[in-house]
Amino acid sequence: YLVFPDDLREFLSRLRSLLRRHSRRPSATNRQSYITYEQEQALNAWIGTLTPTEKRIFSLLFRDVERLVLADQLLLDVWGEGVDESSLRFYIQKLRRKLEPLGLLQILNRKGVGYRLVLRGSAAAVRGET
């Protein structure tokens, strides 16, 4: 179980590890396998812009990075019982807008099922199935 790290260094370390593992895949040729200084600075600033709800959603997606997380499970983990999916869609859209300038991660969805956090380079590979 991985919660959103309070320590920024731990988050960046996990993201670097993920990028290294991803770059070893055969389909990931010629992809950057490290975070540049500029990207690291952007991540520092980005983390400060997240609301507590956005942090919770992002941590749940980051915990299962590149795996589908069911929308029902996200709703239950973030808000509990009795909340409709429009709240989740609203916060996912906010997270997407905040993630886009970084160019590292992307949130994809499978309509009616759930969401997946993927590395930008791998988004094209899974786009057909989302």
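Strands here are DSSP runs of E with at least two residues, numbered from the N terminus. With that in hand, Val113 is easy to find: select the loop between β2 and β3. Keep in mind as you look around that this is a predicted model.

**Stop 1: the loop and its patch**

Show Val113 as sticks. Its relative accessibility is 32%, and because buried means under 20% and exposed over 50%, Val113 counts as partly exposed. Now add Leu68 and Leu70 to the selection. Together with Val113, these two leucines make a nonpolar surface patch of about 210 Å².

While you are at the loop, click on Gly112 too. This glycine sits in the turn of the hairpin that β2 and β3 form, and its phi is positive, at about 80°. Three residues separate the two strands of the hairpin.

**Stop 2: the strands**

Next, select residues 105–110 for β2 and colour them apart from β3. The two strands run antiparallel and are joined by six bridges. To check the register, pick Gln106, which stands opposite Val118 in β3.

Then select residues 69–70, which make up strand β1. This strand is also antiparallel to β3, with two bridges joining them. Here the residue to pick is Val69, found opposite Tyr115 of β3.

Stay with β3 itself, residues 114–119. How many of its six residues are buried? The answer is six of six. In a regular strand, side chains alternate between the two faces of the sheet, so it is worth looking at each face in turn. On one side you will find Gly114, Arg116 and Val118, and on the other Tyr115, Leu117 and Leu119, with both faces covered.

**Stop 3: the nonpolar core**

Leu117 is a good bridge to the next view, being among the residues with the most contacts inside the largest nonpolar core. Select the others with that distinction as well: Leu15, Trp46, Phe58 and Leu61. The core as a whole has 32 residues. Elements giving two or more residues to it include the helices α1 (8–23), α2 (37–49) and α4 (71–78), along with α3 and α5, and the strands β2 and β3.

**Stop 4: salt bridges between α3 and α5**

Turn now to helix α3 (residues 52–63) and helix α5 (residues 85–99). Select Glu54 and Lys94: they form a salt bridge, with 3.5 Å between the closest N and O atoms. Lys94 lies in α5 and Glu54 in α3, so this pair ties together parts that are 40 residues apart in sequence.

Is Glu54 buried or exposed? Its relative accessible area is 0%, so Glu54 is buried. Lys94, in contrast, is partly exposed at 21%.

Add Lys98 to the view. Its side chain meets that of Glu54 in a salt bridge at 2.7 Å, N to O. Since Glu54 is in α3 and Lys98 in α5, this contact ties together parts 44 residues apart in sequence. Lys98 is partly exposed, at 24% relative accessibility.

**Stop 5: one more pair**

Finish with Arg63 and Asp64, whose side chains meet in a salt bridge at 3.7 Å, N to O. Arg63 is partly exposed at 24%, and Asp64 is likewise partly exposed at 24%. Looking back at the previous stop, Glu54, Lys94 and Lys98 are joined into one network by salt bridges that share partners. In total, the count comes to three salt bridges.

Notes: Residues are numbered from 1 along each chain as its sequence is written. This is a predicted model: local features need pLDDT of at least 70, side-chain atom pairs count only at pLDDT 80 or more; totals for chains, interfaces and linings use all residues. Side-chain values use heavy atoms; hydrogens and water are left out. A salt bridge is a side-chain nitrogen of Lys or Arg within 4 Å of a carboxyl oxygen of Asp or Glu. Helices (H or I, at least four residues) and strands (E, at least two) are DSSP runs, numbered from the N terminus. Buried means under 20% relative accessible area, exposed over 50%, partly exposed in between (1.4 Å probe, protein chains only). Two strands pair if DSSP finds at least two bridges between them. A nonpolar core is a set of buried Ala, Val, Leu, Ile, Met, Phe, Trp, Tyr and Cys residues joined through side-chain atoms within 4.5 Å. Patches are made of residues with over 30% relative accessible area and no salt bridge: like charges are joined within 9 Å, nonpolar side chains (Val, Leu, Ile, Met, Phe, Trp, Tyr) within 5 Å. Accessible areas come from the Shrake-Rupley method with a 1.4 Å probe; for residues, only the protein chains shown count as cover.
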